[in-house]
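Here are a few exercises on a ligand and the space around it. Have a go at each one before you read the worked solution.

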Amino acid sequence: EAPAARGGLMTRLFRRGGAAAEAPRRLMDDDMLEELEELLIASDMGVTTSQRVTANIAEGRIGRRLTSAEIKEALAGEIARIMEPVARPLPLYPSKPQVVLVVGVNGSGKTTTIGKLASQFRGAGKSVVVAAGDTFRAAAVEQLQIWGERAGVPVMTAPEGSDPASLAFDAMTRAKSEGADLLMIDTAGRLQNRQDLMEELAKIVRVIRKKDPDAPHNTLLVLDATTGQNALTQVEIFQKIADVSGLVMTKLDGTARGGVLVALADRFGLPIHAIGVGEQIDDLSPFDPDEFAAALVG
Ligand code: GDP
């Protein structure tokens, strides 16, 4: 079955309704609305959001025979309306450095996203320092170093197993003395021991605030779109252990149903700063609500 993000939603609604070339319209009745709601839920939009979107679509249309294009337009409009307020690029501040703390579970795409962002900032003429704060995962540090080379930015590391907060402090000192525009700090993603991680992140925040009481200016939560509804749980957890200010959703190039972004926007209202659309350095795009809605509805 084609994922919703690849454009199956309308096709399925019409196919299921027995509509074909000879009947290109479908009556919007309770049955059809129920099917529509099911399709939205199946696309990871969540029950509450799907119900509300369906109710809004029904308004003024119930009892009418509609073409798939008409339903598509209405649906895309509803989804875009939910997404517009959260489609916001990473806000930039005059602080030198602007400190961006990057959090998320292992494998979500933190390292990759930091590399892509660093490259974009460099391209915009900004100087960037990166700190490899996941000091317990040697592989993560190595990966970040590779990304640093690709992006042309220095990556500060510390011996394996050493205190991430002390690395963050050193990175802050260096970024300040060099007058860097941005400092991006990678962090561990071990949710297995939430209490530990919470303390680790709190300590990082504490020490960087010694250098700048406003830091971190952004706490970016990186989420993997292929985890579907899990992304909602991850936001809940990370909001408890860090002061999440915005999201980056990765792996939207795959078979992922981006529907979970609608549920996220509806439930948390956190800005979506960018989306990951591949494994290469330029595969990070601004989040465009209209384009997203059109692709989701298909
Ligand atoms: P981390 O453990 O959170 O630092 O995750 P990584 O940055 O190492 O990414 C985990 C895997 O996801 C790697 O294989 C990345 O290449 C891949 N990845 C990250 N972002 C994207 C994306 O937007 N699209 C795709 N297709 N793969 C991605």
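**Exercise 1.** Which helices each supply at least two residues of the lining of the largest pocket?

*Solution.* Some ground rules: this is a predicted model, where local features need pLDDT of at least 70, side-chain atom pairs count only at pLDDT 80 or more, and totals for chains, interfaces and linings use all residues. Residues are numbered from 1 along each chain as its sequence is written, and side-chain values use heavy atoms, with hydrogens and water left out.

Now the helices (DSSP runs of H or I, at least four residues, numbered from the N terminus): H5 and H6 (138-151) each supply at least two lining residues.

**Exercise 2.** Find what surrounds the ligand, and say which helix gives the most to that shell.

*Solution.* Start with the shell, taking residues with a heavy atom within 4 Å. The ligand is surrounded by 17 residues, and Gly107, Thr111, Thr112, Asp253 and Glu279 are the closest. Next, pick the helix: H5 (residues 110-123) gives the most, with four residues.

**Exercise 3.** Track down polar contacts of the ligand (pairs of N or O atoms within 3.5 Å).

*Solution.* Try the ligand's oxygen atoms: one is 2.8 Å from a backbone N or O atom of Lys110, and a polar side-chain atom of Thr112 sits 2.5 Å from an oxygen atom of the ligand. Then go to nitrogen: a side-chain N or O atom of Asp253 lies 2.7 Å from a ligand nitrogen. Finish with cover: on its own the ligand has 570 Å² of accessible area (Shrake-Rupley, 1.4 Å probe), and the protein covers 79% of that.

Note on methods: A polar contact is a pair of N or O atoms within 3.5 Å; within protein, one must be able to donate a hydrogen and the other to accept it, and residues adjacent in sequence count only if both atoms are side-chain atoms.
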